[in-house]
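Thanks for coming. I will go through one structure today, starting with its ligand and then moving to the sheets and helices.

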Amino acid sequence: MWIGCVQLSEVRNYRTLSWRPAPRLNVVSGPNAQGKTNLLEALGLIITGRSFRTSRLAEIPCWGTEATALAGDLVRGETQRTVRRTLNRLEDGTWQNTGEAAPEWARAIAFGWQDLEIVNGGPVARRNFIDGFAGRLYPNHIATLLRFRQILARRNRLLQQRAHDAAQSAKLQPWNEQLATVGMELLGRRRKAVAALQTELARVYAALSGARTKVEIRYRTALGEATEPAALLAALEHRQREEMRRGLTLVGPHRDDLAIELDGVDARAFGSRGQQRLVALALRLAEVLPVTEAAGTAPVLLLDDALSELDATVRGHVLREVQSAEQVFLTTPDTPAVEGAAIFHVSGGSVTAI
Ligand SMILES: Nc1ncnc2c1ncn2[C@@H]1O[C@H](COP(=O)(O)OP(=O)(O)OP(=O)(O)O)[C@@H](O)[C@H]1O
Ligand SMILES: [Mg+2]
């Protein structure tokens, strides 16, 4: 798929913008603080309904404005759908996102600075990464995740209540069962997502780095290879006394992690900064093929500052790799010479073709 004509009104530092990107590679260049990342964020918002940069809607409207509008033509083969979204300020000062839902085939994959955390941050960043990817593959994954979080919060609240051991056990029982069922569903999809990523990750990392370094990703859980809810239920029961003492659920997918290794050693502990950035980028690019197969069309790639901190050879490899994707937006503070790319210059919230 690709995004055709884009219209923005009062979005971040864009007062008004009407822009026609190219269906393939778009290089978005310009000095710092001119609106390159804001533009990618707006494209992501049109396609997916969410910002890849913030969960706070109030940050997106231009300061001082009351209403914000975004629209874009989403094209897939012969089909074209115009998606319009508005953010409106309610009386209580909060913002509401209204507008039509994007077509079910619309997908965007974003890469940005925050993605370095997938490799060198804590487990939360890796769980969010795999859940985001699984959500692009299996549309009901996010609903399962939200359901799981609700159950977990209820169970934790119960664990924090001071009560007689026996009484508390009885109250916990139905929550244990729900947590085990929904938890195993979540875990199963995450494992499938990791498996879908592995082959592509190895290929993409080799293509980007030009080296023979082997990269591997594995799902890490205290439940080993278990696939049945009974295994999680048994683990919960086994640790229940400790959980009651600490007021916290100690086993389940909310404690899991991903192992990311380069030639058998932990990329987080031993990878160089450039290697870590490249692994993070390779993880996003490795999503492309599985997401294309799941959605029936290629996702739009929003690559924010994907070339920085990489040496000239690796940059060349990245540019070659993204040429084979469908529509790509690549921001950069300088203007690289890229064959066949449409080049745009961003300055103070306006975009001009070069
Ligand atoms: N809600 C908003 N309303 C108005 N302006 C905003 C809003 N949010 C951010 N900005 C402004 O937008 C400017 C450009 O931001 P953006 O992150 O897009 O820059 P950039 O071109 O990606 O820069 P860099 O090269 O440093 O990454 C910021 O300097 C900020 O002042
Ligand atoms: Mg930026």
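How many Å separate a nitrogen atom of ligand 1 from an N or O atom in the side chain of Arg12? The distance is 3.3 Å. Please keep in mind that this is a predicted model, and that goes for every value I give.

Let me stay with ligand 1. There are 16 residues around ligand 1, and those that come nearest are Asn32, Ala33, Lys36, Thr37 and Asn38. Ala33 also takes part through its backbone: a polar atom there is 2.7 Å from an oxygen atom of ligand 1. Pro61 likewise has a polar backbone atom facing the ligand, 2.9 Å from a nitrogen atom of ligand 1.

Next, the sheets. In general, the strands of a sheet pair through backbone hydrogen bonds, and the pairing is either parallel or antiparallel. Here we have an open sheet of five strands, with antiparallel pairing and the order S2-S1-S4-S5-S6. Which strands stand at the edges? They are S2, residues 14-19, and S6, residues 95-99. Each has a single partner strand, so one side of each is left without a neighbour in the sheet. On average, and ignoring direction, neighbouring strands of this sheet are turned by 15° against each other.

At the S2 edge, S1, residues 2-11, pairs with S2 in the antiparallel sense over five bridges. If you want to find one of these on the screen, look at Gln7, whose bridge partner in S2 is Ser18. Helix H1, residues 36-48, packs on this sheet. The strands touched by H1 are S1, S2, S4 (67-76) and S5 (79-89), and the direction of H1 makes about 115° with that of S1.

At the other edge, S5 and S6 pair over five bridges, again in the antiparallel sense. Asn88 stands opposite Gln96 in S6. The two strands form a hairpin with five residues between them, and in this hairpin Gly93 takes a positive phi near 90°.

There is also an open sheet of three strands, in the order S8-S9-S10, with antiparallel pairing. Its edge strands are S8 (215-220) and S10 (265-266), each pairing on one side only. S8 and S9, residues 257-262, are joined over six bridges in the antiparallel sense. In that pair, Glu216 stands opposite Glu261 in S9.

That leaves the helices. Helix H5 covers residues 165-209, and I have two contacts of H5 to show.

The first is with H3, residues 123-137: the two axes come within 9 Å and cross at roughly 85°. That angle makes H3 roughly perpendicular to H5. On the H3 side the contact includes Phe129, Ile130 and Phe133, and on the H5 side it includes Ala193, Val194 and Leu197. By class, this contact has nine nonpolar, no polar and three charged residues.

The second is with H10, residues 312-323. The axes of H5 and H10 come within 7 Å and cross at roughly 130°. The two helices are therefore oblique to each other. H5 contributes Arg203, Val204, Ala207, Leu208 and Ser209, while H10 contributes Val314, His317, Val318 and Glu321. Sorted by class, that is five nonpolar, two polar and two charged residues.

That is what I have; questions are welcome.

Methods:
Residues are numbered from 1 along each chain as its sequence is written. Chains are lettered from A and ligands numbered from 1 in the order in which they are written. This is a predicted model: local features need pLDDT of at least 70, side-chain atom pairs count only at pLDDT 80 or more; totals for chains, interfaces and linings use all residues. Side-chain values use heavy atoms; hydrogens and water are left out. Axes are lines fitted to C-alpha atoms, for helices over the stretch in contact, and angles run from 0 to 180 degrees between N-to-C directions. Helices (H or I, at least four residues) and strands (E, at least two) are DSSP runs, numbered from the N terminus. Angles under 35 degrees count as roughly parallel, over 145 as roughly antiparallel, 65 to 115 as roughly perpendicular and the rest as oblique. Contact means heavy atoms within 4.5 Å. Ala, Val, Leu, Ile, Met, Phe, Trp, Tyr, Cys and Pro count as nonpolar, Asp, Glu, Lys and Arg as charged, and the others, Gly among them, as polar. Two strands pair if DSSP finds at least two bridges between them. A residue is near a molecule or strand if one of its heavy atoms lies within 4 Å of it. A polar contact is a pair of N or O atoms within 3.5 Å; within protein, one must be able to donate a hydrogen and the other to accept it, and residues adjacent in sequence count only if both atoms are side-chain atoms.
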